[in-house]
Amino acid sequence: MKLADNKATLSFSNGAPSIEFPVYSGTVGPDVVDIRKLYGQTGMFTYDPGFLSTAACESAITYIDGDKGELLYRGYPIEQLATNCDFMETCYLLLYGSLPDQAAKTQFSDLVTNHTMVHDQMHNFVRGFRRDAHPMAILTGLVGAMSAFYHDSTDIHNPEHRKISAIRLIAKMPTLVAMAYKYNVGQPYMFPRNSLSYAGNLLHMMFANPCEDYVVNPVIEKALDRIFILHADHEQNASTSTVRLCGSSGTNPFAAIAAGVACLWGPAHGGANEACLKMLEEIQAMGGVEKIGDFITQVKDKNSGIKLMGFGHRVYKNYDPRAKLMQESCKEVLHALGLENDPLFKLAMALEKIALEDDYFVQRKLYPNVDFYSGIVQRAIGIPTSMFTAIFALARTVGWIAQLDEMIGDPDYKIGRPRQLFTGAAQRDVVAIDKR
Ligand code: CMC
C-alpha cells in the first residue's frame with residue numbers, strides 16, 4: 001500500500017484537539033484511513049459491527065467491485081478464468097500469484113494428485129458419526145482431525161509445513177467430502193482415481209461403486225470444475241476472516257481451515273445454496289410459478305423473517321458475476337442431461353425476473369448471487385442438497401489457504417483482537433446467596 005496525498009482529520013465537538021491519520025491507497029478500490037494510533041492518542045475505539053467500513057487486512061489476492069459486479073483473482077476477471085482455465089490453474093494462481101505454464105501446471109496437478117488418499121485411520125474416525133449427520137458436521141470434524149493425522153505439517157510459522165498442509169488440504173478435501181457422502185448413503189468409500197481430473201475424481205468417489213464401472217460425463221465434469229473456480233476465493237468474507245482470525249493465534253493450518261468450514265455452514269454464507277434449493281422446492285410444492293407473487297409478498301414483510309435465498313450480498317450491489325456464469329453452466333448441464341424443462345430451473349428464472357422488477361429489490365440493490373443457480377446445477381448432477389455446502393467448502397479451501405499464508409507472511413500481522421463498547425453492569429459487589 002502507498003501513502004495517499006491527503007490525510008484524514010478527526011475533530012471533536014467538546015474542544016479536544018483534533019488528530020490526523022494517514023490515508024493509504026491500494027491498487028484499485030477505496031482508500032483506507034489508518035486508525036491504528038486512535039486508541040493510543042484518544043483512548044477511544046471505532047465502532048463497526050459487521051465490519052461495514054473496516055478493512056481488517058492488506059491483501060493482494062482477490063478484488064471485488066460490488067457496484068460494477070466485478071470479481072478479479074490476482075487481477076484476472078472471473079469470466080476469463082471460468083472460460084479459459086481450469087480449477088488446478090486457478091488454485092496455482094491463488095496460491096502463487098501467477099498463472100502456471102504447462103510444465104508448472106502439470107507439476108502442480110501431479111503434486112495434488114499424489115496426496116488425494118487419506119490416512120486409513122480416518123475411515124474409522126468417520127464411523128464414529130451418526131449415519132444421518134449433516135455432511136458439514138462431518139466435514140468440520142474431519143478437517144479439524146487432519147491435525148491429529150498429519151503431525152509433520154502443523155507448524156503455521158514453518159513455510160515448509162504450510163506448503164505441505166496446503167497441498168494436503170486441497171488434495172484430500174474431495175476425498176473427505178466423498179467419504180461424508182458415502183457414509184451418509186451407506187455405500188463403501190471409493191478410493192481416489194489419480195488418472196482423473198480433480199472434478200472427475202470427486203464425481204468418481206461420490207457416484208462410483210465397487211460393483212460397476214463409472215464413466216465421468218465431461219459436461220458434468222466441466223460444470224463442477226466451474227463451480228470450484230467460482231467459489232475458490234472471495235476476499236474477506238465471513239469464513240475467510242474466520243480462518244485469518246483463527247490462524248492469527250498461531251494455531252495449526254488444519255484447525256484454522258476447520259474454523260472456516262464451520263463458519264461457511266451458516267445459511268447467510270455457504271449454507272445459502274442449500275437454503276435456496278429448499279426454498280425453490282417449497283415454492284414448487286405450494287403451486288410453483290403461480291405462487292411466486294405470494295412468496296415475494298412474504299419476503300417483503302419484515303415480520304415474516306423470510307428472505308429470498310440466493311439474493312443479496314454485502315459487497316455486490318449489482319449482479320454477482322458468478323451468478324451469470326453459474327446460470328450459463330446450469331443451462332449447459334440441463335441441456336446435456338435432457339432436463340431443459342426442469343421445473344425448478346424454470347421457477348428460478350421466473351422468480352429472478354419478478355424479483356429484479358420489484359421495487360423492494362431494486363431499491364435495495366438486491367441481485368442474484370452465486371448460490372441462486374449453483375443448487376440447481378448440483379441437483380441436476382445428482383448431488384444431494386445436504387452436500388451443497390460441503391462442495392462449496394471444498395472449492396473455498398484454496399482461497400482460505402492462500403489468505404492464511406498471506407497473513408502469516410505480512411509483517412503487520414498480529415493476533416486478531418477486536419475491542420468492544422461495553423454496556424453491561426459496571427463493577428458491583430457480590431451479595432451473599434441468602435441475601436440476593
Ligand atoms: N431477501 C429479502 N431482503 C433482503 C435480502 C434477501 N435475500 N437480502 C437483503 N435484504 C434486505 C434486508 O432486509 C435489508 O432491508 P432493510 O434495509 O429494509 O432493513 C436490506 O436488504 C439490506 O440487507 P442487509 O441484511 O443489511 O445486508 P447484509 O449485507 O447484512 O446481508 C446477506 C447480506 C448476503 C447476508 C443477505 O443479503 C442475505 O441474507 N441473503 C440471503 C442469503 C444468501 O443468499 N447468502 C449468500 C451470499 S453469496 C455466497 C457467500 O458469499 O457465501
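Figure 1. Pockets are the open counterpart of cavities: on a 1 Å grid over the protein atoms alone, a cavity is a set of points where a 1.4 Å probe fits but cannot get out, a pocket is an open set with protein on both sides within 12 Å along at least five of seven lines, and lining residues have an atom within 4 Å of a point. The model shown is predicted, so local features need pLDDT of at least 70 and side-chain atom pairs pLDDT 80 or more, whereas totals for chains, interfaces and linings use all residues. Residues are numbered from 1 along each chain as its sequence is written, and side-chain values use heavy atoms, without hydrogens or water.
The view presents the second largest pocket, whose volume is about 420 Å³ (the space filled by probe spheres set on grid points joined across faces, edges and corners). Its lining comprises 27 residues; Asp86, Phe87, Ser197, Tyr198 and Asp225 lie nearest the centre. Two or more lining residues come from each of the helices α2 (78–84), α3 (87–96), α4 (102–113), α8 (198–207), α9 (218–231) and α14 (321–336). Helices (H or I, at least four residues) and strands (E, at least two) are DSSP runs numbered from the N terminus. The most is given by α9, with six residues. By class, the lining of this pocket holds 10 nonpolar, nine polar and eight charged residues (nonpolar: Ala, Val, Leu, Ile, Met, Phe, Trp, Tyr, Cys and Pro; charged: Asp, Glu, Lys and Arg; polar: the others, Gly among them).

Figure 2. The open sheet β4-β5-β6 has three strands with antiparallel pairing. The edge strands are β4 and β6, each of which pairs on one side only (two strands pair if DSSP finds at least two bridges between them). Strand β4 (residues 62–65) runs antiparallel to β5 (residues 70–73) and is joined to β5 by four bridges. In this register Asp65 stands opposite Glu70 of β5, and Ile64 stands opposite Leu71 of β5. Four residues separate β4 from β5 in their hairpin, and Gly69 in the turn adopts a positive phi of about 75°. On the other side of β5, two bridges connect β5 with the antiparallel strand β6 (residues 76–77). Pro77 in β6 is the bridge partner of Leu72. The hairpin of β5 and β6 has two residues between the strands, and Arg74 in the turn shows a positive phi of about 50°.

Figure 3. A second view shows the open sheet of three strands in the order β1-β2-β3, with antiparallel pairing. Strands β1 (2–10) and β3 (32–33) occupy the edges with a single partner strand each, so one side of each has no neighbour in the sheet. Six bridges hold β1 against strand β2 (residues 19–25) in an antiparallel arrangement. Leu10 has Ile19 of β2 as its bridge partner.

Figure 4. Helix α18 (residues 388–408) is shown along with its kink, which is centred on Arg396 and amounts to about 40°. The bend at a residue is the angle between axes fitted to the seven residues ending there and the seven starting there. The 21 residues of α18 should span 30 Å at 1.5 Å a residue, and the end C-alpha atoms are 30 Å apart, which agrees (the expected span being 1.5 Å times one less than the number of residues). Because 19 of its 21 residues are buried, α18 is largely enclosed by the rest of the structure (buried: under 20% relative accessible area; exposed: over 50%; partly exposed: in between; 1.4 Å probe, protein chains only).

Figure 5. Two loop residues other than glycine, Phe51 and Glu235, are shown in close-up. Phe51 has a positive phi of about 50° and belongs to the loop between α1 (38–42) and β4. With 51% relative accessibility, Phe51 counts as exposed. Glu235 has a positive phi near 40° and sits in the loop between α9 and α10 (238–247). At a relative accessible area of 21%, Glu235 is partly exposed.

Figure 6. Met206 is viewed in helix α8. Its relative accessible area of 1% makes Met206 buried. The C-alpha atoms of Met206 and Tyr76 are separated by 32 Å, these residues being 130 residues apart along the chain.
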